[in-house]
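Reader: I should like to look closely at one part of this model and at what surrounds it. Please take the question below as the starting point and build the picture outward from there.

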Amino acid sequence: MPKSKRAKVVHLTKTQKKGKELTLRLYARIRECIPQYPYIYVFSVENMRNHYLKTVRSELASDSRLFFGKTRVMAKALGDGPSTEPHPCTSLLSVHLTGPCGLIFSHRDPPTVLSYFTQFHPSSYARAGIIATRSFCIPAGTLYTRAGEIPASEDVPLEHSVEPTLRKLGVPTRMVKGKVELDVPFDVCKEGEVLGSGQTSLLKIFGVAMADFAVEVRAWWIRESGRVEVPGMDGEGGGGVRKAGNAALDVELGGDDEEFGGCDEG
């Protein structure tokens, strides 16, 4: 009987996990970078967007290296106390590694890095769960692609193919001679309210961006002085304060913990 040529189903439960391999690789690469760069920065991200993070990575590629992986692995690589830290006071950065955050190893000094991230805050479309930064209403009449955000003379009518989507999202539109019409104004959101998925879909259709991608530098380590500093500090005592080892860092890198399933580094 001839062999069947039909596509075979491959169950994902049978694929091999790479959690341990990625964990060890992230740990090793961070350890390798520590003696190579004079500054280490801990940064957090607000309104995370991968393409904007790639832009940051490209901008810093000439003299820096960015890691955005599992926080516990990154903290372990920096050390959980004086006895395990690869360089003096690198373990003091670990307390700042909470939430969506990463590490930047760089030759750029703090004023240069802080200035770059202060100026880099591109806008993006909001996702469900964030707070509306302003009110938005779709005006009555023929609908345009920007819904009154720009003068009608500079805009174009909304394509008829979008009309079914608008009705599914609760907008009472109708077709009149091939154009999308709205009899009464429709309030999409009010300033200060939490946005739902339907509202964010409408905002995206009409090109209304309410989220800003932002990077905040939480702290940095200076190899020359062995100090850890934070934005706004007065320069006293940055590297002289030590905390006891954090129990959250007591992880076995040789284990197969699913929490360390991947990393993103450049």
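Which residue just after helix 3 takes a positive phi, and of about how many degrees?

Author: The residue is G79, which follows directly on helix 3 and has a positive phi of about 105 degrees. The model is a predicted one, in which local features need pLDDT of at least 70 and side-chain atom pairs count only at pLDDT 80 or more, while totals for chains, interfaces and linings use all residues. Residues are numbered from 1 along each chain as its sequence is written, and side-chain values use heavy atoms, with hydrogens and water left out.

Helix 3 spans residues 71–78; helices (H or I, at least four residues) and strands (E, at least two) are DSSP runs numbered from the N terminus. Six of the eight residues of helix 3 are buried, where buried means under 20% relative accessible area, exposed over 50%, and partly exposed in between, with a 1.4 Å probe and protein chains only. These buried residues are V73, M74, A75, K76, A77 and L78. Their cover includes helix 1 together with strand 1, strand 2 and strand 3.

Helix 3 also gives five residues to the largest nonpolar core, the most of any element. Such a core is a set of buried Ala, Val, Leu, Ile, Met, Phe, Trp, Tyr and Cys residues joined through side-chain atoms within 4.5 Å. The largest one has 23 residues, of which I30, I40, F67, L93, L97, L103 and F105 touch the most other members. Two or more residues of this core come from each of helix 1, strand 1, helix 3, strand 3 and strand 11. A second, separate core holds 22 residues, including L166, F186, V208 and A211.

The strands that help to cover helix 3 belong to an open sheet of five, in the order 2-3-1-11-12, with antiparallel pairing; two strands pair if DSSP finds at least two bridges between them. Strand 2 (64–67) and strand 12 (227–229) are the edge strands, each with a single partner, so one side of each has no neighbour in the sheet. On average, neighbouring strands are turned by 25 degrees against each other, direction ignored. These angles run from 0 to 180 degrees between N-to-C directions, and the axes are lines fitted to C-alpha atoms, for helices over the stretch in contact.

Within the sheet, strand 2 pairs with strand 3 over four bridges, and R65 has F105 as its bridge partner. Strand 3 is joined to strand 1 by six bridges, with Y41 standing opposite I104. Strand 3 itself is mostly covered, all six of its six residues being buried: C101, L103 and F105 point one way, and G102, I104 and S106 the other. On the far side of the pairing with strand 3, strand 1 (39–46) meets strand 11 (214–222) over eight bridges, and S44 is partnered by E216.

Two helices pack on this sheet. Helix 1 (residues 19–33) touches strand 2 and strand 3, where contact means heavy atoms within 4.5 Å, and its direction makes about 150 degrees with that of strand 2. Helix 2 (residues 50–60) touches strand 1, strand 2 and strand 3, at about 155 degrees to strand 2. T55 lies in helix 2 and is partly exposed, with a relative accessible area of 37%. Apart from neighbours within four places in sequence, T55 is in contact with Y116 and F120.
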